[in-house]
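Good morning, colleagues. I should like to take you through a few local features of one model, beginning with a single residue and ending with the interior.

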Amino acid sequence: MASSDRGRVSAAVVAPVAVAAPAAVVAPAASTSPHRRLSVQLVVSHLLVAVVAMLTTGALVLLLAPQRFNQLGQQGWAGQNTGGQNTGAQDTGGRSGTPGARADSSGTLPDSAESAPDLLPTPRGTTGELINAQLHEAIVHSLIWGLVAGLITAALLGFLLSRRLMESINTVRSATRVLATGNYTARIPLPRTTELAHLGADIQTMANQLADTEQRRMQLLGEVGHEMRTPLTVIDGQVEAMIDGVLPMDEAELTIIAAESRRLHRLANDLSTLSKVEEGRISLELQEVDFSQLINDSTARLAPSIMDAGITLNRQIQPNIQLIVDPERIAQIITNLLTNARHATPAGGTITVTCEGDNDAVTLTVSDTGEGLTPEDQERIFERFYRVPQMASRSTGARQDTGSGIGLPISRKLAEYHSGSLTVSSPGIGQGATFVLELPALRA
């Protein structure tokens, strides 16, 4: 390669990649209008309830009270007329005449009887109308004062209740402001109101999840930095040694640099895939495929490297298994499992790939006679960048590449995207491990 070409390649590697910063999300400005404040709305709602209640009560009273009063008055007049007629009949000795008056010998009533209004029923057209008017005025007067008193009481109660409610809301609001600064360890005080307590609990749950996300993000940055530091250190050391003349610029040394460069490239691709599957941005191109043939093709690509490592590869594949999957993603899972088994198995060991299916599920098993896993390793093997300690130490001493450490997490996520599962089991250290991929069968 010419020196100018090498310069262009170096510039392409060293030049930083410009990443567009995400657009800031601008929160809508809070309205400062008094009528939009919750406390004002609570007080106004109490007043409206009081007004509606008083108006309803007043309308019913004004409508029903006079009718009921007239009914009671008519019953009173009827009873008084009946009593006066009985008394007049007894006084006249059975003669019909004006009730309550004694007739003289000429049969005429005295003038005093004609001028005795208290002995006659009161006409409704005079005193009754007056009483109705006075009753109506008294009712209206009382309702007005009742309305005023009700409004004052409702305003006071609304103010007190809204103040108590706003204190609880302001407490939760202050806590969320602390969370917005990045302090996810802040605790949300739970108000005594049930609904607000549920809101505070939900915000606390969100804060805990944000804290966990932030912790995983910081851990991921540290792990990525560690994974990139190793190949970069190797490349830098090799280049510096060549420049100083300590190492010859021959094929062997350049092969080491090329291998570390490929490792960086593979790490970048794996990180991109892991980010997509964890954020749900990966798309599957599902189609009906011959799953048996897909396994045979994937194992055939890796068979030469497995046999070059002195490892025996056995395959027991049930033929003609049809599945609806994304063939590229499933091939990626199979490749990751076989690569992981190759790294874990020493020379002279065996890797066995079996596949069988029924009406419910199809099971792919990749087992090896390699290093084996402890119970702790089995729990953590699907974590990002986790490496089995004995594998890492053995491969480091032999200058072997154990991968990026995120192939298995990616494989499990891809299996879950296919409504399947990926699990691991191991009898213990030195007794190998078995990975099982289970996918739903294609139903007729």
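Please look first at Asp368. Leaving aside neighbours within four places in sequence, Asp368 is in contact with Ala341, Thr345, Thr350, Ile351, Gln431, Gly432 and Ala433. I should say at once that this is a predicted model. Asp368 belongs to strand S5, residues 361-368. Is Asp368 buried or exposed? Its relative accessible area is 9%, and because the cut-off for buried is under 20%, Asp368 counts as buried. A polar atom of the Asp368 side chain lies 2.9 Å from the backbone nitrogen of Gly370.

I turn now to helix H7, residues 291-308. At the N-terminal end, Asp290 acts as the cap, with a side-chain oxygen 3.2 Å from the backbone nitrogen of Ser292. The 18 residues of H7, at 1.5 Å a residue, should span 26 Å, and the end C-alpha atoms are indeed 26 Å apart. Where does H7 bend? The bend, of about 45°, is at Leu302, with Pro304 following within four residues. Leu302 is also one of the buried residues of H7, which include Phe291, Leu294, Ile295 and Ile306. After the helix comes Gly310, with a positive phi near 80°.

Phe291 leads us to the interior. The largest nonpolar core has 49 residues, and Phe291 and Ile381 have the most contacts inside it. Helix H8, residues 327-344, gives the most to this core, with seven residues. Apart from this core lies another, of seven residues, including Val172, Leu179, Ala186 and Ala207.

Thank you; I welcome your comments.

Conventions. Residues are numbered from 1 along each chain as its sequence is written. This is a predicted model: local features need pLDDT of at least 70, side-chain atom pairs count only at pLDDT 80 or more; totals for chains, interfaces and linings use all residues. Side-chain values use heavy atoms; hydrogens and water are left out. Helices (H or I, at least four residues) and strands (E, at least two) are DSSP runs, numbered from the N terminus. Buried means under 20% relative accessible area, exposed over 50%, partly exposed in between (1.4 Å probe, protein chains only). A polar contact is a pair of N or O atoms within 3.5 Å; within protein, one must be able to donate a hydrogen and the other to accept it, and residues adjacent in sequence count only if both atoms are side-chain atoms. Contact means heavy atoms within 4.5 Å. The expected span of a helix is 1.5 Å times one less than its number of residues. The bend at a residue is the angle between axes fitted to the seven residues ending there and the seven starting there. A nonpolar core is a set of buried Ala, Val, Leu, Ile, Met, Phe, Trp, Tyr and Cys residues joined through side-chain atoms within 4.5 Å.
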